[in-house]
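Q: I should like to learn how to read salt bridges and pockets in a protein model. Please begin with the terms.

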Amino acid sequence: MSGKNVFYKLEWSAVVTVIGILILFTIAVSITIVAPTYLDPSWINPSSAYQKQMYEVADPNLYISSNTSKGGSELQFVYHIKDKYTLLAFQESPSVRFVAPENLQKYITKEDDPTLKLTSDLLLLREPKEADGAFNAKAEAEKLVKNLQSEWEKTDNKDSRKPSFIIWELFKPSSDEGFSLGSSEGVLENWVDTNYTILDESTRQDYHKDPGVIYVLNPLEYRVSRYKFGPEEGWTYDPEGEIIANVEELKSHELGFRSRHELIFEGEHIYAIEGCWYCHSDQTRTLVQDVVLNGNEDYPAPPSSANEYIYQEITFPATRRIGPDLSRVGIKRPSRDWHKSHFWSPKTASKGSIMPAFYHFFDDDPRGTGSSKIGIPNYRFEAIYQYLMTKGTRITPPTQAWWLGKDPINTKEIIEGKRKLP
């Protein structure tokens, strides 16, 4: 009888233990996931409208590829522009002017206009064409150049060189999506939060109502021409080439474009499997040495807050700093060339570095996985570079950038204990 009582007590003890573990697990999940929603909304809300638009609007619609079939060091950036979605600006400068039919003139921001005009109507720029219906863009462009040069001749600038002008035609494509040549290096996008107006009759997208917006400046129609030179086959941007029909063609095996969104998340995965987190932390703490190290004494970098990581699938705050903290590397080291050198030969780029070389980020792989005889970065490098460039660059809009001394987060008050993180 006593033996049965012992087993009976043991069984109940196991049940109580399991119930206790479940209760503790439920409390831990509630504290980690549910509580922050009610206690601190910054855990789940973007740090700024700029951060939200970069991840949700810009990244999925900026595409990157090398311009040869076997890879190459020259990259092409292409914006996927969607009608009634992407905001566009057509802004003239002293050397760049536009010609357009009368119904499109309203979209042009003149050189001396203080208010930037934006629209989500799908419009693009191209080299002026011969008569298209009633509008002859090529003839209008020639007339405009003559008028501009005539005006210059009336000024007192006779000692200076005669100016030259780039003239583009503003036109409306027949489709509801288009592609434009991008000049972005993949770090920041055009942003405006003052002195702008959206010409649309009504608000077409939620982000159009934000206190500032990302836009594409002077979108030049993207076309390509195929070529063959000896054993090399490839394609290149050509304003007289073939139109890109859709995103599927852009992402085809031949052209090989991938969105910045895809590359960033591939880079996050590479960062994890390569074990970068073992030596590098990803957190600027509320300590003087952290905010000054990642910024400087005049413009300290803001401490990390939870909402910086809400778009990541994995976060790597880490506990060790064998190498430098990377939470602000997008600002400290934005140069693609520097990162190429660093991954290829860390000791050359950073004296005394114990970081290993990442040859497999390049097509010149000593293990024989690449065919090129020179060190050309492959998609692995571009993916981890795009991931690293999100670090510190998306906390606030460029117009409020902490590295310019704006400090909208009041970093100095945080490290002095006068206020808490937002």
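A: Accessibility comes in three classes: buried means under 20% relative accessible area, exposed means over 50%, and partly exposed lies in between (1.4 Å probe, protein chains only). The model is predicted, so local features need pLDDT of at least 70, side-chain atom pairs count only at pLDDT 80 or more, and totals for chains, interfaces and linings use all residues. Residues are numbered from 1 along each chain as its sequence is written, and side-chain values use heavy atoms, with hydrogens and water left out.

Q: How many salt bridges are there by this rule?

A: Side chains of opposite charge can pair when their charged atoms come close. A salt bridge here is a side-chain nitrogen of Lys or Arg within 4 Å of a carboxyl oxygen of Asp or Glu, and the count comes to 28. Among them, Asp-206 and Lys-209 pair at 3.7 Å, N to O.

Q: Is Lys-209 buried or exposed?

A: Lys-209 is exposed, at 57% relative accessibility; Asp-206 is exposed as well, at 63%.

Q: What are the accessibility classes of Arg-285 and Asp-290?

A: These two form a salt bridge, with the closest N and O atoms 2.9 Å apart. Arg-285 is partly exposed at 36%, whereas Asp-290 is buried at 2%.

Q: By class, which residues make up the lining of the second largest pocket?

A: Rolling a probe the size of a water molecule over the atoms shows where empty space is left. The lining has 15 nonpolar residues (Ala, Val, Leu, Ile, Met, Phe, Trp, Tyr, Cys and Pro), 7 polar (the others, Gly among them) and 4 charged (Asp, Glu, Lys and Arg). On a 1 Å grid over the protein atoms alone, a pocket is an open set of points where a 1.4 Å probe fits, with protein on both sides within 12 Å along at least five of seven lines; lining residues have an atom within 4 Å of a point.
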